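Thanks, everyone. Let me put the structure up, and then we will walk through it piece by piece.

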Amino acid sequence: MTFYSIHLIPSSPHHPLTLKALLVDDSRLARTELRHLLRAFPQVEVVGEARHAAEARACLQSLRPDLLFLDIHMPGETGFELLASLDAAPHVIFTTAYDEYALRAFEVNALDYLLKPVQESRLAAALAKVPALPVASAPVPALPAAAAEPAPTPLTEHDQVFVKD
């Protein structure tokens with residue numbers, strides 16, 4: 001059995017497959033941290049930042065990003081209200097401290113929902129969901145036979161099954 005791992009392909013900021021990202025968060029610290037984490041992903045170029053929905057709306061029109069990292073709670077309008085006001089939106093990855101909006105985020109077709117503080121591994125998994133992001137599948141060696149679990153044998157009419165409630 002071969003396992004596959006997703007690896008992001010290095011690219012230059014001027015490469016045609018580079019994604020332009022806009023960071024929208026009222027917290028300067030959160031934007032700074034996310035920008036820092038995104039440096040590990042050269043396919044993503046942060047083209048702008050916004051502190052609230054009105055700034056984000058202007059940035060979306062002028063910068064035309066491919067990807068929007070969006071906070072939910074901001075002064076003025078929420079991230080959901082911003083999305084509802086747009087005729088067209090880029091791919092969205094929510095970044096928030098609140099887990100209770102996850103279902104609603106996926107109802108508005110968000111690619112992912114990252115809880116703050118954002119972990120690099122979760123960010124990588126979220127970025128792997130971006131359709132336009134170049135990825136390469138590299139085979140990862142299978143586990144040694146001794147470490148692999150034996151294949152389960154099918155149940156027969158002589159087996160007993162207990163269900164624990």
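Start in the sheet, at Ile 93, which stands opposite Asp 112 in S6. A caution before going on: this is a predicted model. Back to that pairing. S5 and S6 are parallel partners, joined over four bridges.

Now step back to the whole protein. There are five helices and seven strands. Along the sequence the pattern reads β-β-α-β-α-β-α-β-α-β-α-β. Of the 165 residues, 33% are buried. Take the contacts between residues at least 6 apart in sequence: 63% of them join residues at least 24 apart.

Next, the sheet. In what order do its five strands run? The order is S3-S2-S4-S5-S6, in an open sheet with parallel pairing. S3 and S6 are the edge strands, and each pairs on one side only. From one strand to the next, the twist averages 20°.

Look at S4. On one side S4 pairs with S2, parallel, over four bridges. S4 is also joined to S5 by four bridges, again running parallel. Leu 68 is a good residue to follow across. Leu 68 in S4 is the bridge partner of Leu 22. Over in S5, the bridge partner of Leu 68 is Val 92.

What about the faces of S4, which residues cover them? Leu 67 and Phe 69 are buried on one side, and Leu 68 and Leu 70 are buried on the other. Here is the general rule: in a regular strand, side chains alternate between the two faces of the sheet.

That brings us to the cores. How many residues does the largest nonpolar core have? It has 20 residues, and Val 24, Leu 68, Leu 70, Leu 83 and Phe 94 are those with the most contacts inside it. At least two residues of this core come from each of S2 (19-24), H2 (53-63), S4, H3 (79-85) and S5. H2 gives the largest share, four residues. Apart from this core lies another, of 19 residues, including Leu 37, Leu 38, Val 44 and Leu 114.

Stay with Leu 70 for a moment. Leave aside its neighbours within four places in sequence. Leu 70 is then in contact with Val 24, Gly 79, Leu 82, Leu 83, Val 92, Ile 93, Phe 94 and Thr 95.

Thr 95 is worth a stop too. Thr 95 sits in strand S5. Is Thr 95 buried or exposed? Its relative accessible area is 3%, under the 20% limit, so Thr 95 is buried. Set aside residues up to four places away in sequence, and Thr 95 touches Asp 25, Leu 34, Phe 69, Leu 70, Asp 71, Ile 72, Leu 114, Lys 116 and Val 118. One of those contacts deserves numbers. Thr 95 and Leu 114 are 19 residues apart in sequence, yet 4.7 Å apart in space, C-alpha to C-alpha.

Next door is Thr 96, also in S5. Thr 96 has 0% relative accessibility, so it counts as buried, the limit being 20%. With the same sequence neighbours left out, up to four places away, Thr 96 touches Asp 71, Ile 72, Tyr 113, Leu 114, Leu 115 and Lys 116.

Now the helices, beginning with H5, residues 120-127. Which residues of H5 are buried? They are Leu 123, Ala 126 and Leu 127. Down the axis of H5, these buried residues fall within an arc of 95°, so they line one face of the helix. What do they pack against? Their partners are helix H1 (28-38) and strands S3 (44-50), S4 (67-70), S5 (91-96) and S6 (112-115).

How do the two helices lie on the sheet? H5 lies across S3, S4, S5 and S6, and runs at about 170° to S6. H1 lies across S2, S3, S4 and S5, and runs at about 170° to S3.

Then the helix pair itself. The axes of H1 and H5 come within 10 Å and cross at roughly 70°. That angle falls in the 65 to 115 degree range, so H1 and H5 are roughly perpendicular to each other. At the contact, Leu 34, Leu 37 and Leu 38 in H1 meet Glu 120, Leu 123 and Leu 127 in H5. Recall that Leu 37 and Leu 38 belong to the core of 19 residues. Leu 123 and Leu 127 are among the buried residues of H5.

That is the tour. Over to you for questions.

Terms used: Residues are numbered from 1 along each chain as its sequence is written. This is a predicted model: local features need pLDDT of at least 70, side-chain atom pairs count only at pLDDT 80 or more; totals for chains, interfaces and linings use all residues. Side-chain values use heavy atoms; hydrogens and water are left out. Buried means under 20% relative accessible area, exposed over 50%, partly exposed in between (1.4 Å probe, protein chains only). The arc is that of the directions from the helix axis to the C-beta atoms. Contact means heavy atoms within 4.5 Å. A nonpolar core is a set of buried Ala, Val, Leu, Ile, Met, Phe, Trp, Tyr and Cys residues joined through side-chain atoms within 4.5 Å. Two strands pair if DSSP finds at least two bridges between them. Axes are lines fitted to C-alpha atoms, for helices over the stretch in contact, and angles run from 0 to 180 degrees between N-to-C directions. Angles under 35 degrees count as roughly parallel, over 145 as roughly antiparallel, 65 to 115 as roughly perpendicular and the rest as oblique.
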